[in-house]
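Here is a short walk through a multi-chain model, chain by chain. Have the viewer open and follow along.

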Amino acid sequence: MHIDLSVKHVSKRFESFTAVDDVCFEVEKGKFFSILGPSGCGKTTLLRMIAGFEEPSEGNIFIGAQNMADIPPNRRPVNLIFQHLALFPMMNVAENIGFGLARRNESKAEIKKKVADILERVNLPGFDSKKIHQLSGGQKQRVAIARSLVLDPTVLLLDEPLGALDLKLREQMKIELKKLQEEVGTTFVYITHDQSEALVMSDHVAVMNEGRFEQIDRPQNLYSKPASPFVARFVGNNNRLPGTCVGYADGIAELKLTSGETIAAGTERQITPGAQAELFIRPESIIIEPAEELPELNRIQVMVSSILFDGANSQLLATSPALAEEFLISLPQNRQYEHICAGDRVEIGWDFRAGNCFTVP
Amino acid sequence: MIRTLPQSKSYSIGFKIYIILFFVFLFAPLLITCVLAFNDSIFPALPWKGFTLDWFFSDGPERVGIFHDQINLASIWVSFRTAFFVALLSTVVGTCGAFLFEQETFRFKQLLYFLMLAPLVIPGVILGISILLFSNTLGLFFEGRFGIDISLLRPGFWLVVLGQFSFITTLVTLIVSAQLKKFDYTLEEAALNLGANRFEVIVHITLRFLKPALLGAMAVAFLMSFENFNTTLFLVGSDATLPINLYLQVRDGSTPVINAISFLLIVGTSSLALFNLFIQRDRSE
Amino acid sequence: MKTLAEAKSKLPLFIFLTPILLWLILLIVLPHLDLLRMSFRIENDYGDMVWSVNNYLEFFREPIYWLTFTRTALYAIIVTFLTLCISLPVAFYITKVAPPKFKGFLSLLLLMPFWVSELVRIYGWMILLRESGVVNHFLLRWGVLRQPVEMLYNDVAMTMGLVYTSMLFMVVPLLSVLDSLDDSLIEAAFDLGSSMITIVWKIIIPHAMPGIASGSIVVFMLSLGNYLTPNLMGGKNSLWFTEQIYNQFIASFNWNQGSAFGFLLLIISSLIIFVGLKLTKQKLSGVIQ
């Protein structure tokens, strides 16, 4: 296993504010690694430290086997796709892509050949002499990627490059980017606040919050086995149900709700009785009007406060004295639940092991 | 009221007449000056006595056309040289100024910025006399203390260049600053990231981005210098610039040669203005 | 906070700062200090230079000096006001009334004459207005006049010349400031039932204030400091203050008296600009975009 990027105990402090706090991770060669976090969590600062635009206050960054301390950004074997792409408006496509090659003093013929090759690769053959302002959003995207890939970097950094695109194009570019990465085999480090981008494209995702990594895992695990309440709420939708633990056995905690009812809450970790805890349960794990005979189900009577119709993603909002917060429940569009209207009282239920329960710190 | 709103007929016609009168007022003196450059008369006045190119090409003895008028030709050449040096110097220093005020932070920046704007509100005549006085004081000082006579400090070509430079640089700084404000600094980072060093970033990215503004500023500086009168008046030595020379002729009575020179100036400056406009348009594309 | 920008050396700062400091200190600050110093020096009866306020006293003792001074300032204010009144409708027409396709063309046409030397423009007016001039020629031919009339060398001709010369510096800021006025504001005011006069006073003028202030400052300053136009179009008896300065420097060779006059001109121009900025509640750095 060959490590392309290794970040060791890196921190970055701006006066009293800590933007990045003791972050460690490694990225294997050829992997697609994402850093997912809300805006202001420090992910851009981390990326800028890897690119060399900021110096870490503490810790070291290794690319390949080489320590990057004191190496200026123009000598690092990493390239960055900027959030707004930063294509040079005064140059055409070929000049943009050839810019880095020309800085390496490669011959004109060599540059021309490489530019043509990479344009072919990103599906823009013959675009050499186009001006930047003549390109569409998706084409600009590809030129920016080509401009970096042509330099054959050890690691390609991407700073939310899809943020400016509209929804349809973003979906398309996600797939394209993933395919391209598999083709060229370059290590990608991608930062985004959009969980769907991270989940769809990445081999591994790090979830970042307030300067720290909360969890580094495969996308499936992030979703099904969140390591912290933050991850549980940030990745995908989740309903929160707070309570007090009154018993624990074999991966299931007994949770006493504020309304006095007791429910069973699946958990990955030991929860001591008496502790404050909260259960996170996904909208799609909740069954509406569960059959009487189903075993091991928490059942609650709720009132439907409204129905949010959104095609396949339709949901309903439900309230109950037992629930501290309004619950989001998936509403499958299979005609089974067509009779439900706002204001109706229905029973909902979920499997004892369906949720994730955490102690409240 | 405005084009999207319904307007009464009298409002619309009245406004149109006003605008037409305004443009007549604007162009009448220039047009008449140009027309009379081709009048076959020894006075720049009507009546029209027929078309002639004498005031351009005639070689004397009664009529000396501009292309044979040594004094005027010499002053045009002086103005060209002055404008060239002023444009060059003020563009270089003004670009430094733009970078200084847009990119750097230092103590007393605000104070220095106001000082930089000052030449805009100092009358040109005052700039002229204060620079004349100071250069004279310096000249006397060097002569008294070290016994050296510095000709640079006496009224003459270089003092005119310095005098015009002193306020034109402010304009250049403002023009270049305006463009530099629009510069996206991630472009510099992108270039660094692609392997360019600081010097290459400035040459390939920043200056290339500023090029239209620099050319425009240079053209403005050239024109401002070429037609400057107030500041030049006090600093001029034996080589008169064209405006000074023309002033002396106009004051003491005129011949259609002045119309011929004016015609050339109008054509010349208009084309420079168009050239400038062309650059700006190219940039906004 | 140690970002890349701050980690880089101080070298660029010094490269940029040095020429600017040289320029501002050697060509602006020191010359004006010298002007101030010279204005307080006079030659005494023994031919030695001594400190004195006599140059300033002389200004108040001789009515011709302070009368010219007041006259110059007043006329400069009148010229500024007239220029504003003439330019505002033109700028409004070009930005808001003219069909959009003519907008660029009209602005270009408007700026064209001002690229030409001031001297050429004044010369054009002289050809038009003098006794043997083109206007007289036509008026005689059409029978309006029986005798040619000298229309040059009076205050009206001079004022018109000054307005003409400095118009550009009023029109350009007005064009840009009116261009930034959203048409829908006028439409909204119209929709809410305002009259045209209300729209002009409540919407257009307040929005255009930065442009009006910046145009007025420059026009005022240029008129006050103008030498050519009053000299060539005004009366022959040196009634513009810059002419007094010129006379002291070049004709009488009394540089100290000239310096005092120059400094007074500088003070009055700064003072009026300052008052103007205060009245219109604008800032100098804001006015000069």
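The notes below take chain A, then chain B, then chain C.

## Chain A at a glance

Keep in mind that this is a predicted model. Chain A mixes both kinds of element, with eight helices and 20 strands. Its C-alpha atoms fill a box of roughly 75 × 45 × 40 Å along the principal axes. Of the 361 residues in chain A, 39% are buried. If you take the contacts between residues at least 6 apart in sequence, 65% of them link residues at least 24 apart.

## Two domains in chain A

The domain assignment splits chain A into domain 1 (3-233) and domain 2 (237-359). Their C-alpha centres sit 39 Å apart. Five residues from domain 1 of chain A and six residues from domain 2 of chain A make the contact. On the domain 1 side, the touching residues come out as three nonpolar, no polar and two charged.

## A covered strand: β8 of chain A

Now zoom in on strand β8 of chain A, residues 187-192. How many of its six residues are buried? The count is six of six, so β8(A) is mostly covered by the cut-off of 20 or more other C-beta atoms within 10 Å. In a regular strand, side chains alternate between the two faces of the sheet. Here both faces of β8(A) are covered: one side carries Thr187(A), Val189(A) and Ile191(A), the other Phe188(A), Tyr190(A) and Thr192(A), and all of these are buried.

What about the strands it pairs with? Strand β3 of chain A (residues 32-36) runs parallel to β8(A), and five bridges join the two. One position to look at is Ser34(A), whose bridge partner in β8(A) is Tyr190(A). Strand β7 of chain A (residues 155-159) is also parallel to β8(A), again through five bridges. There, Leu156(A) has Phe188(A) as its bridge partner in β8(A). So Tyr190(A) and Phe188(A), both on one side of β8(A) and both buried by the 20-or-more cut-off, are bridge partners too.

The link from β7(A) to β8(A) is worth tracing as well. β7(A), helix α5 of chain A (residues 167-184) and β8(A) make a right-handed β-α-β unit.

## Chain B: helices and no strands

Chain B has 11 helices and zero strands, so by the DSSP runs its element order reads α-α-α-α-α-α-α-α-α-α-α from the N terminus on. The radius of gyration of chain B is 24 Å, where a compact globule of 285 residues would have one near 19 Å. Its C-alpha trace spans about 75 × 70 × 35 Å along the principal axes.

Buried residues account for 45% of the 285 residues in chain B. Of its contacts between residues at least 6 apart in sequence, 73% join residues at least 24 apart.

## Chain C and an exposed loop residue

Chain C comes to 14 helices and two strands. Its radius of gyration is 24 Å, while a compact globule of 289 residues would have one near 19 Å. The C-alpha atoms of chain C fill a box of roughly 85 × 80 × 35 Å. Buried residues are 41% of the 289 in chain C, and 69% of the contacts between residues at least 6 apart join residues at least 24 apart.

For a closing stop, find Leu192(C), in the loop between α9 (183-191) and α10 (196-224) of chain C. Is Leu192(C) buried or exposed? Leu192(C) is exposed, because just 8 other C-beta atoms lie within 10 Å, and 12 or fewer is the cut-off for that label. Its C-alpha atom is 39 Å from that of Met112(C), which is 80 residues away along the chain.

How values were computed:
Residues numbered from 1 in each chain as written. Chains lettered and ligands numbered in written order. Domains from an automatic or database assignment. Contact = placed C-beta atoms within 7 Å. Nonpolar A, V, L, I, M, F, W, Y, C, P; charged D, E, K, R; others polar. Helix = DSSP H or I, 4+ residues; strand = E, 2+ residues; numbered from the N terminus. Rg over C-alpha atoms; globule rule 2.2 N^0.38 Å. Pairing = 2+ DSSP bridges. Right-handed = clockwise from strand over helix to strand, strands pointing away.
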